[in-house]
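Work through the exercises below with the model open. Each task is followed by a solution in steps.

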Amino acid sequence: MSHLDPYGGAEARGWDRPDQPAQLPWPDPNLDPGPWAADPHAERYATPTAQIEPVRGAADLLHDDAPTGQIERIPAGVGLDHDDAPTAQFAPVPGDEPEADDPPPGRRHRGRRRAGRPTNGQPASSPGEQPASHLDRPAGSPGKPAAPSRAGRNLPAAISVGLGLGAVVLLPLFLYTPSFLLVLAAAFGVGIWEMSRAVRRARAVVPLVPLIVGGVLTVTIGWFGGLDALLLGLLVTIAGTLVWRLGDGMANFRRDMTAATLIAVYVPFLGGFAALLASSPDDGALRILVTLVAVVLSDTGGYAAGANFGKHPMAPTISPKKSWEGFAGSVGAAALGSALLLWLLFDVAPWWGAVFGVAVSCAAVLGDLAESMIKRDLGVKDMSNLLPGHGGLMDRLDSVLFAVPTAYLLLVVLVPAVN
C-alpha cells in the first residue's frame with residue numbers, strides 16, 4: 001500500500017489524475033468556471049482598480065472638495081472678527097489678541113489689561129510701552145509728588161520754609177531787639193534736642209535736661225555779660241551735665257560725656273556769638289543782618305554754581321555734592337554782597353567788606369562740612385525731619401554756627417562798638 005506524500009496532494013503516489021477537472025459537489029448553474037481561469041498574458045490588478053479615481057495633487061484640491069467642505073470657512077487676516085470665530089463663546093485671554101491699528105478713542109481692547117495694573121509684581125504694559133507712573137503725569141496734576149532738585153531737595157518746600165525762618169528771625173530783631181533772645185533760646189534748645197537724638201546712633205546717651213537748661217543759660221548770660229559770660233556759661237553747662245551723668249553710674253561714662261561736651265560747645269557756645277552780635281548797642285540788628293545775608297549769599301551762590309557747573313568734588317568722602325565750582329560761587333557771591341552791604345550800612349571800604357564776605361563764606365562752608373562729617377560718622381542723612389525741604393533745624397544752623405564767631409571777630413575790628 002502506498003503511503004501519502006506530505007509534499008503532494010491528497011492522492012497516493014502513482015495515482016493518475018484525470019485530464020478534466022472533477023465536478024463540484026454542489027452544482028450551481030449560475031457559476032461559470034471560465035472567468036476564473038488565469039490568463040498569463042493579462043495585466044494583473046488592472047481591472048479591479050480601474051474604477052478608483054486617481055488622487056489629485058495639493059494644487060488641484062479645492063476647499064469645497066475636502067471632507068470638511070461642509071464647515072463654514074472663517075475669514076482670516078485683517079477682516080477677522082472675534083465674534084465670527086468658533087471660540088467666540090470662550091473668555092478671551094489677556095494679551096493674546098492682536099491689537100487693531102486704530103483703536104476707538106476712550107475704549108480699550110477686549111481682554112487687554114489696563115496700563116499700570118501690576119501682575120505678579122510686574123507692571124502690566126505691553127512690549128515697547130513705558131510703564132505708567134506718576135512721572136508720566138503732566139506737571140501740576142493732582143497727586144503728583146514734587147520733583148527734587150539737582151541737589152536732592154524739594155525746592156519749593158525749601159524756599160517756603162526758608163522764607164518763613166527769615167521772617168521769624170528778622171521781625172523780632174527789628175521790631176524789638178531783646179525779643180530776639182527768645183528766638184535764640186528756642187532755636188538752640190531744638191538744636192540740642194536734635195543732636196542728642198542723633199548721637200544715640202553711636203550708643204551715646206546724653207543728659208538732655210542739663211544740656212538744654214545750660215544752653216539757654218549760656219546764651220542769656222552772654223547777651224548781658226559779653227564774651228566772658230559766654231565762656232562761663234559753657235563751663236557751667238559742662239559741669240552740670242557731668243554731675244547729672246554721674247548719678248547714672250560709670251557705665252559708658254566717657255562716651256556719654258564726650259558727646260555731651262561736643263553738643264555744649266557746638267550748639268549753645270558757638271551760637272551764643274549771635275547774642276553778642278545782637279546785644280551791641282545801636283547797631284546790633286544790623287550786625288546780625290550783614291552776617292545772615294553773607295551766609296545766605298554763600299549758600300545760594302554755592303548751590304547755583306555747584307548745580308550748574310560743579311564737576312570737581314571738594315570733599316568726596318565727607319560731602320560728595322560739594323564741588324570747587326560751588327565753593328567759588330559761594331565765596332564770590334558773599335564777597336560781592338558783603339562789600340556792597342557793609343559800605344552802605346557801616347561805611348566800610350568795599351575791599352574790607354569783600355574780605356568780610358570771603359571770611360564768613362569760608363567759615364560757613366567749613367561749618368557745613370563739619371556737620372556733614374558728624375552726620376556721616378553717625379550714619380544719618382538729616383538731623384530730623386522738622387523742616388520740610390531742609391531736614392532738621394541743625395541742618396540749617398550748621399553754616400551759621402561757624403559764621404557768627406567769625407563775623408563777630410571781624411566786625412569788632414572793622415566796626416568798633418562801645419559796650
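**Exercise 1.** Find how the axes of helix α7 and helix α8 are placed, and classify the arrangement.

Solution. The model is a predicted one. Start with the two elements: helix α7 covers residues 324–345 and helix α8 covers residues 350–378. Their axes come within 7 Å and cross at roughly 140 degrees. Next, apply the cut-offs: an angle over 145 degrees would count as roughly antiparallel, and 65 to 115 as roughly perpendicular, with the rest oblique apart from angles under 35 degrees. The helices α7 and α8 are therefore oblique to each other. Last, the handedness: the crossing of α7 with α8 is right-handed.

**Exercise 2.** List the residues through which α7 and α8 meet, and sort them by character.

Solution. On the α7 side, the contact is made by Phe327, Ser330, Val331, Ala334, Ala335, Ser338, Ala339, Leu342 and Trp343. On the α8 side, the partners are Pro350, Gly353, Ala354, Phe356, Gly357, Val358, Ser361, Cys362 and Val365. Sorting the residues of this contact gives 13 nonpolar, five polar and no charged.

**Exercise 3.** Do the same for helix α3 and helix α5: give the angle, the class and the contact residues.

Solution. Helix α3 spans residues 208–225, and helix α5 spans residues 253–278. They pack at an angle of about 25 degrees, with axes 8 Å apart. Since angles under 35 degrees count as roughly parallel, α3 is roughly parallel to α5. Their crossing is right-handed. From α3, the residues in contact are Leu211, Gly215, Thr218, Val219, Gly222 and Trp223. From α5, they are Ala260, Ile263, Ala264, Pro268, Gly272, Ala275, Leu276 and Ala278. The residues of the contact of α3 with α5 comprise ten nonpolar, four polar and no charged.

**Exercise 4.** Decide whether Arg245 is buried or exposed, and name its neighbours.

Solution. Arg245 lies in helix α4, residues 227–246. Its relative accessibility is 4%. Buried means under 20%, so Arg245 counts as buried. Leaving out residues up to four places away in sequence, Arg245 touches Val205, Pro207, Ala251, Asn252, Phe253, Asp256 and Met257.

**Exercise 5.** Describe the protein chain as a whole.

Solution. Count the elements: the chain has nine helices and two strands. Their order along the sequence is α-α-α-α-α-α-β-β-α-α-α. Then take burial: 31% of the 419 residues count as buried. The accessible surface is about 27,500 Å², and carbon and sulfur atoms account for 63% of this surface.

Key: Residues are numbered from 1 along each chain as its sequence is written. This is a predicted model: local features need pLDDT of at least 70, side-chain atom pairs count only at pLDDT 80 or more; totals for chains, interfaces and linings use all residues. Side-chain values use heavy atoms; hydrogens and water are left out. Axes are lines fitted to C-alpha atoms, for helices over the stretch in contact, and angles run from 0 to 180 degrees between N-to-C directions. Helices (H or I, at least four residues) and strands (E, at least two) are DSSP runs, numbered from the N terminus. A crossing is left-handed if the near helix is turned anticlockwise from the far one by less than a right angle, and right-handed if clockwise. Contact means heavy atoms within 4.5 Å. Ala, Val, Leu, Ile, Met, Phe, Trp, Tyr, Cys and Pro count as nonpolar, Asp, Glu, Lys and Arg as charged, and the others, Gly among them, as polar. Buried means under 20% relative accessible area, exposed over 50%, partly exposed in between (1.4 Å probe, protein chains only). Accessible areas come from the Shrake-Rupley method with a 1.4 Å probe; for residues, only the protein chains shown count as cover.
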